[in-house]
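Visitor: Could you take me on a close look at a single part of this model, and then follow the links that lead away from that part? I would enjoy one connected answer.

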Amino acid sequence: MVEKKLEKIIFKQDLDRLFEESLKDFTVYGPIEKKGNIVFEKIDKSDNLKLNYLNSKIPPKSVIFPQTETLFEYEKKDDEIIFKESNNVGKKRIIFGIRPCDAHSFTLLETFFSFGKFEDDLFLKKRENTILIGIGCNTPKNTCFCTSVNGHPFKDDDVDIFLVDLTEKYLVTPISDRGKELIEGISWLNNANKNDLKKSVELANNAESAIETNLNLDNISEKLDNNFYNSLWKEISEVCIGCGTCAFLCPTCHCFDVIDEEDHYNNRGRRVRIWDTCQFPLYTLHTSGHNPRSSRIQRCRNRILHKFCYYPQNYDLIGCVGCGRCIQYCPVNNDIRVILDKFQKLSEEEEEKLLVA
Amino acid sequence: MLPELYMPKLTKIRNIRSENQANDIKTFELVFNNQEDLEEFNYIPGQFAELSILGKGECPIGIASSPTEPDSLKFTVKRMGTVTTAMHDSKEEDIVGIRGPFGNGWPIEDMKNKNIVIIGGGFAFSTLRSLTEYLIHESNRSEYGNITVIYGNRNPGELLYEPEIERWKKRDDLNIYLTIDQEAEGWSGMVGYVAPVVKEISPSPDDSIATVCGPPIMIKTTIDVLKELGFSSEQILNSLEMRMKCGVGKCGRCNIGNKYVCIDGPVFSLKELEDMPDEY
Amino acid sequence: MEDLQNQNQKITDKIREISTQLLEEKEVDLIIGYSDGTFPLSNLPVFIREVDEVEKLIWNNLCYVNLASYLTSNISRFIRKEESEENLKIGLVAKGCVARTIIQLSLENQIDLNDIILIGINCNGIINRKRIEKEIGEREITNLSVKGGDIIVEGKDFEEEFPFDEYLMELCKVCKIKAPPQLPELSENIRGDSQDISDLHLNFDDIKEFEEKSPEERWEYINDLLQSCTRCYACREVCPFCYCNLCFVDQNMPQWFGKTAEIPDIISFHLIRALHLAGRCVGCGSCSSVCPVGIDLSLINRKIEEIVKERFNFVSGADLTTILPMNTHDMDDNQNFMLEEEG
């Protein structure tokens, strides 16, 4: 975070000026309503923008990590193969009005895709060219639990610029260097006054108190690791129907499948990556027929452990941002808060009960 | 931008050698189109590469050649699914994409000055071929102790790498034992499953490392025998098979606990496996 | 109409009474029913094994999951090895569509009726949550209840009422089989409510608007309807009739269809899946209810069911002595559409 904040104000009626004038060199994505869902799509005016949204259906990771992404196209000419690119990674994007939880997911995704010997240059280049303008959550939902996973409805660490909705205007705070540069370049913004700042702090405190869920996740990684074979996993996975809803709506899930498609008649084709999830049996199925995670218990367990055990073990971060989408949209209401709570509260006696082979 | 991490380098098939009677296992010798790509492909035994047949897909195959065999790469492929079938349907001069080398490989540095017991079963011998060729190469041989190779198959028709094995038999700086499951006409080698054969040969655990590859049941029984003979969990190495797509630890599917088989493996010691969840 | 709250309470009491009895007399090992979810508008399927858990069972107008889908949990050897609940006697809380599912599954040889007891209830309909959420917009709902003939939706600083009959799922509005059908072969298996279906007249008013469109308009409508699909397969997993070991879209030798979320692939998946459900779909609406992006998937299935009714005079899940039109073949069947003219 930058030491000296240069807070500004923008009135809601001036948003169009912002998009049409000051941000015209960027492709701006914001929350709009499409077919009954709030999703992040390209906007050029503020008409359809729903900045008072509770949260989007499809998480904003979809802007730079879409469901279907072409890795490359190829063409067979005589005996040669010609590769063609199909990704505009250089495009300067702004994601406008992203919630703090979703913004934190970008940090988590970036950590994952850059970790270790190999870096996913496709994702990382797009991430580099994307500016995040976040907005605080004045009214968190009852399924939100960001404060239980080191988050906060007004957390601004993960964004370049942070907005707060002060009813008829937004408080604009530049956070990162490039956020600061962008704001300084918009000369027509007024400075914020003391009352604006005071109201913002008030809203932040109210939002924090409004979050009803308070999970104790101290040492959850250890607790889950020690209870890998506990019979509680059977109970937890019983209702799960094995769809991909939780993973596809999760802002931090990043697993993908890679498939080739061929246009046989025109001697060309492409390789694409699409969202995949450990909840599908095919995810780990060997061609020989062997499946390391052949039972639903194993698959349910893997997702939770990945977020709350393996992520902390590998990157010292919890792999969940507490957005609550998995809770809200799971077809059978398999609530992750209930699951984690049950594990956290396992007594010594209950820890002895193991899964029957 | 072409995503470098996912772009295959192009190679051509120089040679296809059938390895078994059923003709469903073949060794492909691949030559890079670009000299530069060959020079950048620095690998050690035990690593794998992602082979592409463009339009059909990509799959992970262990590298069968040793880095001491300089200007081409060899991969032994069994016809099983979409990509491997497409490879088997290919001919010489056809294009195959390659990404790699991936994986951690056999720990050839830590194995120096040790006696190496190489145990393979069935079709899983390919990275062990790479290891054997590497160890016995004149530039490496003196850095390793005794080398024992034990290789078992269902029947003589399933034995891979016959030309290599003939060469190895003639050497006096390695001991090679071949075995088949049941008696067969014309077979003069040992008879029996790999585990009891290992017990019979009884390699010493002193200063030894055992590398075990094969079908799950063979691995399990062989490990039991090795432990009986006094091998510790740190001395037994396995190369795991897993479903992989990206090969670089990003697509997520090859995880066992918090480890990814494509980057933390595929070679794991038994000690490491004992600390990992039982999901492989 | 009797006050909805009273209706629901009576149904809840009946479910608990029958469940207690079934468990105490060890007639079943397991009861599958509904319980309250963890947040407003949610509903949680439950598995009850002990009498003291029976209190969890409830009935309200949010019980949208077709519980029969838990009985066709796939038991394929090498793809999805589930803990088999075979030979367990199961008590299933059954509204009309769930009972119809059981009947159809029995005819398809997927379940043994001897293992099932239906806790029959006279379903009073499922609320169209998506429509309510749309009316409320971006305001959080803190409670949803029914009273009199209305749905009461409360928030932090609002309370709104919606007429129940209008805000039901479209499928529920035209539903004719609200409780398990009174079939003689099923009488042993039903406790609680059941319904005489001897004078059944189906209603397809819910698809009238779609039918009035031209083929071009329908194609455009379907493209528009399906465009937000993310290929999560929630619809397929919740559907009790999607129990194939390997779904046609997951096949890769050969890869019949693409797996991406691009429109041609999405259309292939949904339309062909709908064809696979022809003559089987009971119109439970679970697919529409569970779709995370709110696609009204049941529309396509409804149209197909109407065609099946017209051409084969067949309604799925209404008769245990019938043959299945899509599964039965006779050598005398008319094959003019396939064979070439002779000479």
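Guide: Gladly. A residue counts as buried here when its relative accessible area is under 20%. This is a predicted model, and the part to look at is strand β4 of chain B, which covers residues 57-62. By that cut-off, 5 of the 6 residues of β4(B) are buried, so the strand is largely enclosed by the rest of the structure.

Let us begin with the strand beside it. Strand β3 of chain B, residues 48-53, pairs with β4(B) in the antiparallel sense, and the pairing runs over 6 bridges. One bridge to look for joins B:L51 to its partner B:C59 in β4(B). The two strands form a hairpin, with 3 residues between them. In that turn sits B:G55, whose phi is positive, at about 100 degrees.

Now to a charged residue of the strand, B:E58. With a relative accessible area of 12%, B:E58 is buried. Side chains of opposite charge can pair when their charged atoms come close. B:E58 takes part in a salt bridge with B:R99, at 2.7 Å from N to O. This pair links distant parts of the chain, for B:E58 is in strand β4 of chain B while B:R99 is in strand β6 of chain B (residues 95-102), 41 residues apart. Both B:E58 and B:R99 are buried.

B:E58 has a salt bridge to another chain as well. Its partner there is A:R271, and the closest N and O atoms of the two are 3.3 Å apart. A:R271 lies in strand β12 of chain A (residues 268-275) and B:E58 in strand β4 of chain B, so the pair joins two chains. A:R271 counts as buried too, at 1% relative accessibility. Over all chains, the count comes to 70 salt bridges.

Staying in chain B, we can turn to another strand. B:T179 lies in strand β9 of chain B, residues 175-180. Its relative accessible area is 1%, so B:T179 is buried. A polar atom of the B:T179 side chain lies 3.5 Å from the backbone oxygen of B:M190. Setting aside neighbours within four places in sequence, B:T179 is in contact with several residues, among them B:Y151, B:G152, B:N153, B:W187 and B:M190. Other contacts of B:T179 include B:V191, B:G192, B:V194 and B:V197.

Strand β12 of chain A, where we met A:R271, brings us to the contact between chain A and chain C. This contact takes 54 residues from chain A and 48 residues from chain C. Between them, the two chains bury about 4000 Å², of which 54% is on carbon and sulfur atoms. On the chain A side, A:K35, A:E238 and A:N333 lose the most area to chain C, together 14% of what that side buries.

What joins chain A and chain C in terms of charge and polar atoms? The count between these chains is 3 salt bridges. A salt bridge connects A:K35 with C:D224, the closest N and O atoms being 2.9 Å apart. Across this interface there are also 14 residue pairs in polar contact. Several elements of chain A each supply at least two residues to the side that touches chain C, including β2 (27-34), β3 (37-42), β11 (256-263), β12 and α10 (296-315). By class, that side of chain A has 24 nonpolar, 16 polar and 14 charged residues.

Our tour ends within chain C. Here C:K208 and C:D205 meet through their side chains in a salt bridge, at 3.1 Å from N to O. C:K208 is partly exposed, with a relative accessible area of 45%, and C:D205 is partly exposed with a relative accessible area of 45%.

A last stop is C:L107, placed in helix α2 of chain C, residues 96-107. C:L107 counts as partly exposed, at 21% relative accessibility. Leaving aside neighbours within four places in sequence, its contacts are C:D319, C:L320, C:T322 and C:L324. From C:P45, which is 62 residues apart from C:L107 along the chain, the C-alpha separation is 25 Å.

To come back to where we started: β4(B) is paired with β3(B), and B:E58 in that strand has salt bridges to B:R99 and to A:R271.

Terms used: Residues numbered from 1 in each chain as written. Chains lettered and ligands numbered in written order. Predicted model: local features only at pLDDT ≥ 70, side-chain atom pairs only at ≥ 80, totals over all residues. Heavy atoms only, no water. Salt bridge = Lys/Arg side-chain N within 4 Å of Asp/Glu carboxyl O. Helix = DSSP H or I, 4+ residues; strand = E, 2+ residues; numbered from the N terminus. Buried < 20%, exposed > 50% of the residue type's maximum accessible area, 1.4 Å probe, protein only. Polar contact = N/O pair within 3.5 Å; in protein donor to acceptor, adjacent residues only side chain to side chain. Contact = heavy atoms within 4.5 Å. Buried area = accessible area lost by both parts, 1.4 Å probe. Nonpolar A, V, L, I, M, F, W, Y, C, P; charged D, E, K, R; others polar. Pairing = 2+ DSSP bridges.
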